[in-house]
Amino acid sequence: RDRTPVVENADGVVSRSFEWAFGEWCNRLLAEGCTWSRYNKLEIGHLARIDAFSSGVIRTGGHEQAPNAVRSDHGPSWRMIVDLGPEPKAWGIYPGGPSGNPGSPFYDNQLEDWAEGRYHHLLYPVTFSDLAPQAQAFWQFKNEK
């Protein structure tokens, strides 16, 4: 029988074993350049469950019980930051793009920014003239008899 200088119990042996195994695992992951996103693979599926229109695997951080609550099959969609000063400013992002058309280049053009946690400045126009020229539209109706 082997003897140790300290009387051991099951709790201590299991705790030390877990700490050792966890340390070895972490060292191996760090040596391989692993990140949490390697294991936390997210895929954003199309609403109609059409794989060809889905995102494929997105590597992102987060955890289902954290502010960036990302799991393999869902995560936060619209994210927005608002500065409520005298002149409000806002930034936002959502996973996808501004177009719902899978054939559009804007269908998923914000996906990478969403995964990386980048935001886009949002327009907050008070009057029509506050809009950027590319956001303005003019319609003229004729009354033909």
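**Exercise 1. Across the strands**

Task: In this predicted model, find which residue of β5 stands opposite Trp-91, and work out how the strands around this pair are arranged.

Solution:
- Step 1. Start at Trp-91 and look across to β5: the residue opposite is His-121.
- Step 2. Now place the pair in its strands. β4 covers residues 89-93, and β5 covers 120-122. The two run antiparallel and are joined by 3 bridges.
- Step 3. Turn to β3, which is tied to β4 by 5 bridges, again running antiparallel. One contact to look up here is Asp-83, whose bridge partner in β4 is Lys-89.
- Step 4. Follow the chain from β3 into β4: a hairpin of 5 residues makes the link.
- Step 5. Put the pieces together. The order is β3-β4-β5, an open sheet of 3 strands with antiparallel pairing. From one strand to the next, the twist averages 30°.

**Exercise 2. The edges of the sheet**

Task: Explain why one side of β3 and of β5 is left without a neighbour in the sheet.

Solution:
- Step 1. Recall how such sheets are held: strands pair through backbone hydrogen bonds, in parallel or antiparallel fashion.
- Step 2. Read off the order once more, β3-β4-β5.
- Step 3. β3 (79-83) and β5 (120-122) are at the edges and each has a single partner strand, so each has one side with no neighbour in the sheet.

**Exercise 3. The overall form**

Task: Decide whether the protein is as compact as a globule or more spread out.

Solution:
- Step 1. Take stock of the elements: there are 3 helices and 5 strands, and along the sequence they follow the pattern α-α-β-β-β-β-α-β.
- Step 2. Compare the radius of gyration with the rule. The protein has 26 Å, well over the 15 Å that the globule rule gives for 145 residues, so it is more spread out than a compact globule.
- Step 3. Look at the C-alpha trace, which spans about 110 × 45 × 25 Å along its principal axes.
- Step 4. Add the burial figure: 17% of the 145 residues count as buried, using a cut-off of under 20% relative accessible area.

**Exercise 4. The largest pocket**

Task: Describe the largest pocket by its volume, its closest residues and the classes in its lining.

Solution:
- Step 1. Its volume is about 320 Å³.
- Step 2. The lining has 17 residues, and those closest to the pocket centre are Ile-44, Gly-45, Pro-95, Gly-96 and Tyr-107.
- Step 3. Sort the lining by class: 8 residues are nonpolar, 8 polar and 1 charged.

Key. Residues numbered from 1 in each chain as written. Predicted model: local features only at pLDDT ≥ 70, side-chain atom pairs only at ≥ 80, totals over all residues. Heavy atoms only, no water. 1 Å grid on protein atoms, 1.4 Å probe; cavity = no way out; pocket = protein on both sides within 12 Å on 5 of 7 lines; lining within 4 Å. Points joined across faces, edges and corners; volume = space filled by probe spheres on them. Nonpolar A, V, L, I, M, F, W, Y, C, P; charged D, E, K, R; others polar. Pairing = 2+ DSSP bridges. Helix = DSSP H or I, 4+ residues; strand = E, 2+ residues; numbered from the N terminus. Axes fitted to C-alpha atoms, helices over the stretch in contact; angles between N-to-C directions. Rg over C-alpha atoms; globule rule 2.2 N^0.38 Å. Buried < 20%, exposed > 50% of the residue type's maximum accessible area, 1.4 Å probe, protein only.
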